[in-house]
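Q: Could you take a close look at the part of this model where the two chains meet, and then follow what lies behind it? I would like one connected account rather than a list.

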Amino acid sequence: MYEFSYVKPASLDEAAQLLANHDDAKPLSGGMTLIPTLKQRLAQPSHLIDIAALTELRGIEVTAGQLIIGAATRHIEVATSMTVRTALPALAALASTIGDPQVRNRGTLGGSVANNDPNADYPAAVLALGATVHTQRRAIAADDFFQGVFTTAIEEGELITRIAFPLPTRAAYAKFPHPASGFAMTGVFVAETGGRVRVAVTGAGPGVFRWREAEAALADRFAAESIEALVVDPSGLNADIHAPAEYRANLMKVLASRALRAILNSSEGAVA
Amino acid sequence: MDAKVIKEEQIGRSVPRMEGAAKVTGRAEYIHNIRLPGVLHGKMFRSRIAHGRIVSIDTSAARAVAGVHSVVTGEDIQRLIAEPYYGPAFHDQPVLALHKVRYVGEPVAVVLATDPHVAEYAAGLITAQYEELPAVFNEVEAATSPIHVHDELKPAITFPDLKHLKGKRGTNIALDYKLRRGDVEAQFASAAHVFEHEFHTQHIMHTPFEPFVALAEPMDDSITIHTSTQMPAYVRLEIARLLGWPENKVKVRTAWLGGGFGAKVYVKIEPMVVALALLARRPVKMSLTMEEQFYVIGKHATTFRIKSAVTADGRISARKCEVFWNGGAYADIGPRVSQKSGFTSTGPYRIEHAQIDSAEIYTNLPPAGAFRGFGIPQLVWAYESHTDIIARALNIDPLEFRRRNILREGDEHPTGTAMRDAEFEEVLVRISARMGWDQPFDRGTGTKRRGRGIAIGVKASIAPTTSFALVNVSADGSAVLFCNTIDMGQGSNTSMAQLVAQVLGTSSERVRVTQADTDVTPFDMGTLGSRSMFHMGHAVRLAAEHAREQLEALCAETGIEYQDEHSIAQAFRKKFGMQAGNIFGVGHYTSRYQPADHDTGMSKEITPFWMIGGTGIELEVDTETGHVTILRMVNVVDAGRAVNPRVVDTQISGAALMQMGATLSEEMVFNEGELTNPSLAFYKIPGMRDMPVAIENEALEAETRSGPFGAKGVGESGTFGVSPAIANAIDDAIGVRLYSLPLTPEAIYRGICAARGEPLVD
């Protein structure tokens, strides 16, 4: 780890000001990716601006048909919140499968979404639910937000403040975790919101993506059989030491089917 | 009878672990926690190429960093030690790379600094120029490759069967054990059935949660080495040899070990810290990271070609075994693994015609050596998968096929040694009884298919070896055992204390066991290969008996009836007029052994005892993903008499679960010799969530007549059957046979696709 200054601002404005004043400052939330990166000397920020405790970034509430979660909300809070478990049980269930207890106790929603790790779980939910990512400057639609591996629409000095999830009619997430890291080798989030079906896939490709063929097939017929009839082309999917593209292609279908079955077999639409 | 003289039997008592409270409250001493004034921390710069000549090493930028004391290379080491090569089997491993590097990750230079972070930072500024050489990684290729990892073989004098390799050039074969019994080829030509298969295992790492750590403290005319080692006496011998010093100028001490599993046998980083401390004239500490452990030592990857002739009535008449052990760039104790385990390659079966070729082979990978089971799990994986395939092909129940061929008491093992106190059949009987093998079994439905499998393996003890022990009885009747057996979590201190108490007629809680310190604890070959309960157990028993003889004489002299610690205390007080004095009991034991004949590989006494372990598995396969859930794991071993049943139980489960990780998920993945997953985030060892749904362990009610109080070693037996039992159960569940470890979901799914004629293309 290189030397840096640790700063804990009292307000979001102060945090933004600090980020604007120091070119090499980085915001710190749960630190689940940033701290290991620093330890490996892969980053050399001048300042770490600790935003985890800012009240502007906290809170879970349901208003106007949307579930709104503050960016600094930890995974464990999403997993156990009665508000989330009632309004959007699939999201609470997703949060309960992230990493391990240590990660869930530190990691935050905003941190995960801003980092956009290609194997992270939350991006699948944000994209499939058509959520809106709010920053201190603007609101960004999920479809515009994720732009590939570790890349998002976030600009310099911009901080995610909260994420607004439209409440789906039914939704579920199914995941095949990497046995060691707990990241999604592949994860599929299926959601039907306002009569439209969206399917988002994480872990299988270079960044979270919408699986349009699955969406079209499910729009025709909302059943696991619609998924099973699809042919997934493995070209373009991830191939690494953990699994080849062909195996991930298989997982996409299996997990999408399982998410569908979970939705159809459960009135609550919980996770498979 | 007077109630006072009825003493509780100490053997067979589940005495609670003596260090338990200290460990769970964080008070137990570990080498990592030692702080010495003036200490320098060493951090390594490692080779990034697999094979090459060192042209130059640029350490100038590292030396310029504020806080750096010095930077040391192999040539600097040579100023201190002219021939700085170490190793138990071959003197082939340089303290720091000299002239050549032979694997990615090999230590090339060390930065010494007062702050370990400064040392690490400076090590990152070192660069080296190499003339790259072609490298060889696969063990079968390396056996005949024109690429040679070492120009010339340099066997150490320790092992007579390596002498003939001295000075040999143009080879990567570091040991070639052969067994020739009968005529296998004639059997293959005439047998009713012949089966031939090839199996593979992968390179894995021990992952002790206390990584390697050593601290060398130079004194006026001696050196003290604080180190996390399984073999303090050997460390002393090897350091004394390297320095040309007498043994008594080298003091080696340990504290509790946070796991060893064979990684910490012989010497590892000790020569490096000693050389650095003597060069710097200051104490030097090196604590490796979890990542660095992957570059120190691992478990042999293997290729095993096995061929069996089977008669029409299902008896194995001949077996031919060709085993290639991937030893990596330095031999370490690998040649012992390939020989001591190699001669058991035919398995626990009565086979009249047998042929074994078991070769330790150098490659340009990190070294491989001892690993819980000492090579046996790799062999059992192959021969018990092979055995199951044969049984299924002949339509014989796999249990029945094993029982038909299993070695029984008095039978001759292919090496020519008769089986004694080796309860193979009883292990099979107990596994099958616990599993209800003859009962109907729920095979699952749809995408969840269930199967079950069994496997059994055998291991010989490393021999000949020697243990010494010393029992010091104080004037209050309490005793301290001085013994070099290292308690690295296996509970040996508690068990050894029980042996002392049993002989003295006191309670185990009144016996304390010292940590190893070669200045005071007597010689022992080392804590490895499940040898301690047998060898050190005998030495401790003899030492305690020697003490008891003297105590009885003291009591007779003072007119006190010898009963327990109270009578001992009375006798001391009467003799010396106060609570004063000591009685020292000493004992030593060397196992009986007859070396294998060089040409036939045979011996009438090839091991002092046999270890036997078997596993039964019930599992469920998710046919859509290849994911396996172990529903039930039944481990049964013959460990002789259990000195401490609870310790024995945890040794069985610990060994079996460790092997389960080696079976299902662990794998060091190399790309052109470069390790791609040296991190616990990518290298999966089992955690609590990966445990079998149910696990049962049983140590047979057995007795090893040649062992102390009927006991023998148990640290490894639980590993033997796990891998093939799982593979056999997978085959039983879904009709897919796998020949390579690990059995990952992807590998299983790949097998499922191939079986339905739709192979996964890469």
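A: Two salt bridges are found by the rule across the interface of chain A and chain B, in what is a predicted model. In a salt bridge of this interface, B:Asp622 is paired with A:Arg258, and their closest N and O atoms are 2.8 Å apart. Polar contacts between chain A and chain B, counted with both residues at pLDDT 80 or more, come to seven residue pairs. On the side of chain A that touches chain B, helix H12 of chain A (residues 245-265) provides the largest share, with six residues. That side of chain A is made up of 10 nonpolar residues, five polar ones and three charged ones.

Taken as a whole, the interface brings 18 residues of chain A into contact with 23 residues of chain B. The size of an interface is often given as the accessible area lost when the parts come together. Here chain A and chain B bury about 1,700 Å² between them, and 58% of this area is on carbon and sulfur atoms. Of the area that chain A buries against chain B, 29% is supplied by A:Ile241, A:Glu246 and A:Tyr247, which is more than any other three residues give.

Behind the interface come the nonpolar cores. In soluble globular proteins, nonpolar side chains tend to be buried together. The largest nonpolar core in this model has 196 residues, and B:Val473, B:Leu619, B:Ile726 and B:Leu743 are those with the most contacts inside it. Helix H15 of chain B, residues 532-558, gives the most to this core, namely 11 residues. A second core, separate from it and made of 39 residues, includes A:Val126, A:Phe165, A:Ala171 and A:Phe189. Returning to B:Leu619, its contacts beyond four places in sequence include B:Arg449, B:Arg450 and B:Gly451, as well as B:Val628, B:Ile630, B:Leu631, B:Ile726 and B:Ile730.

A last position to examine is B:Thr521, which lies in the loop between strand S22 (511-513) and H15 of chain B. B:Thr521 counts as buried because its relative accessibility is 4%, and the cut-off for buried is under 20%. The side chain of B:Thr521 is joined to that of B:Asn484 by a polar contact of 2.7 Å, while a polar atom of the B:Thr521 side chain also lies 2.7 Å from the backbone oxygen of B:Asp517. Beyond four places in sequence, B:Thr521 is in contact with B:Phe482, B:Cys483 and B:Asn484, and also with B:Thr514, B:Gln515 and B:Ala516.

Terms used. Residues are numbered from 1 along each chain as its sequence is written. Chains are lettered from A and ligands numbered from 1 in the order in which they are written. This is a predicted model: local features need pLDDT of at least 70, side-chain atom pairs count only at pLDDT 80 or more; totals for chains, interfaces and linings use all residues. Side-chain values use heavy atoms; hydrogens and water are left out. A nonpolar core is a set of buried Ala, Val, Leu, Ile, Met, Phe, Trp, Tyr and Cys residues joined through side-chain atoms within 4.5 Å. Buried means under 20% relative accessible area, exposed over 50%, partly exposed in between (1.4 Å probe, protein chains only). Helices (H or I, at least four residues) and strands (E, at least two) are DSSP runs, numbered from the N terminus. Contact means heavy atoms within 4.5 Å. Buried area is the accessible area (1.4 Å probe) that two parts lose on being put together, summed over both. A salt bridge is a side-chain nitrogen of Lys or Arg within 4 Å of a carboxyl oxygen of Asp or Glu. A polar contact is a pair of N or O atoms within 3.5 Å; within protein, one must be able to donate a hydrogen and the other to accept it, and residues adjacent in sequence count only if both atoms are side-chain atoms. Ala, Val, Leu, Ile, Met, Phe, Trp, Tyr, Cys and Pro count as nonpolar, Asp, Glu, Lys and Arg as charged, and the others, Gly among them, as polar.
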